[in-house]
Amino acid sequence: MPRSDWNLVSNSRFNFPENTIESIKIGNLILQLDKLITLQQRKLEQLKQLKKAMLQQLFVNKNNKQPNLRFKNFNGDWEERKLSDIANYRNGKAHEQYIDMNGIYTVVNSKFISTNGKVKKFSNEPIELLKKGEIAFVLSDVPNGKALAKAYLIDSDNKYSLNQRIAGISPSSDINSYFLYVLMNRNRYFLKFDDGVGQTNLSKKDIEEFKENYPLFDEQQKIANLFSQIQTLISLQQNKHTQLIALKKYLLQKLFIS
């Protein structure tokens, strides 16, 4: 493990305010920021744990036909269905030669999906346009990668273009898009194809054979709305946490002498 050389550290020179009160005020400000950052991190983790718990309680496992927790007035059994029966599948196409940072179409590739849309490439060519409500799904990744089977729900018509090694999943009219997105995203069924040794490449058959239990549309919509609200809260807390860290960094640069 790396260790500091105490003789070197003890001989380092630092600048301190002549006025002790100024040192105290700066220290208290940074301390308050650290407390706020810790509080936001705790809230963020609690929301993530809530989402995880809801996934376990509101969805049906393989051995049951009804979830542990249910909205009022819903009581029928869920029906097991293959993805090929409730959605259409299509493959993306290569965009490499059409990449243009001034392009008007966002290229949906694995980096875009794995960063939840933060890392972007663009194209002026509408190679394989996606529609609102479609699910973009990562088919390929390195061993133990974090992008495999990650899903992204398309929020606008004709804004995104589907890249190669990404599947486009179009749910049928009796399937709520957000419900299916939550169900498919990093689902264990898909992750089992990763042997931890070689590159994983999910095939069309692998995707279409995906079996899960589904309630009627109205119950899907209730569940989808709840998860959408939880995800909005998570995103807000994440943004607050990021802003506080950026503020602390800014103040450390401005309140201390470099």
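**Pockets and helix packing**

Biologist: What volume does the largest pocket have?
Modeller: This is a predicted model, with pLDDT of at least 70 needed for local features and 80 or more for side-chain atom pairs, while totals for chains, interfaces and linings use all residues. Numbering starts from 1 along each chain, and side-chain values use heavy atoms, without hydrogens or water. A pocket is an open set of 1 Å grid points that fit a 1.4 Å probe, with protein on both sides within 12 Å along at least five of seven lines. Filling the largest one with probe spheres gives about 1700 Å³.

Biologist: Which residues are closest to the centre of the largest pocket?
Modeller: There are 33 residues in its lining (an atom within 4 Å of a point). Those closest to the centre are K51, L55, V182, N185 and R186.

Biologist: Which element supplies the largest share of that lining?
Modeller: Helix 2 (20–58), strand 7 (151–153), helix 5, helix 6 (188–191) and helix 8 each bring at least two residues; these are DSSP runs of at least four residues for helices and two for strands. By class, the lining has 13 nonpolar, 10 polar and 10 charged residues. Seven residues, the largest share, come from helix 8.

Biologist: How do helix 5 and helix 8 lie relative to each other?
Modeller: Helix 5 covers residues 177–184 and helix 8 covers 217–255, and their axes (lines fitted to C-alpha atoms) are 8 Å apart at about 65°. Y178, F179 and V182 of helix 5 meet Q220, I223, A224, F227, S228 and Q231 of helix 8, with contact meaning heavy atoms within 4.5 Å. That patch has six nonpolar, three polar and no charged residues. Angles of 65 to 115 degrees count as roughly perpendicular, so these two helices are roughly perpendicular.

Biologist: And how are helix 2 and helix 8 oriented to each other?
Modeller: The two axes come within 9 Å and cross at roughly 160°. Residues of this contact split into 24 nonpolar, six polar and six charged. Anything over 145 degrees counts as roughly antiparallel, so helix 2 and helix 8 are roughly antiparallel.

Biologist: Which helix gives the most to the lining of the second largest pocket?
Modeller: That pocket has a volume of about 310 Å³, and its lining includes R13, F14, E22, I26, L255 and F256. By class, the lining is seven nonpolar, three polar and two charged residues. Four residues, the most from any helix, come from helix 2.

Definitions and conventions: Axes fitted to C-alpha atoms, helices over the stretch in contact; angles between N-to-C directions. Parallel < 35°, antiparallel > 145°, perpendicular 65-115°, else oblique. Nonpolar A, V, L, I, M, F, W, Y, C, P; charged D, E, K, R; others polar.
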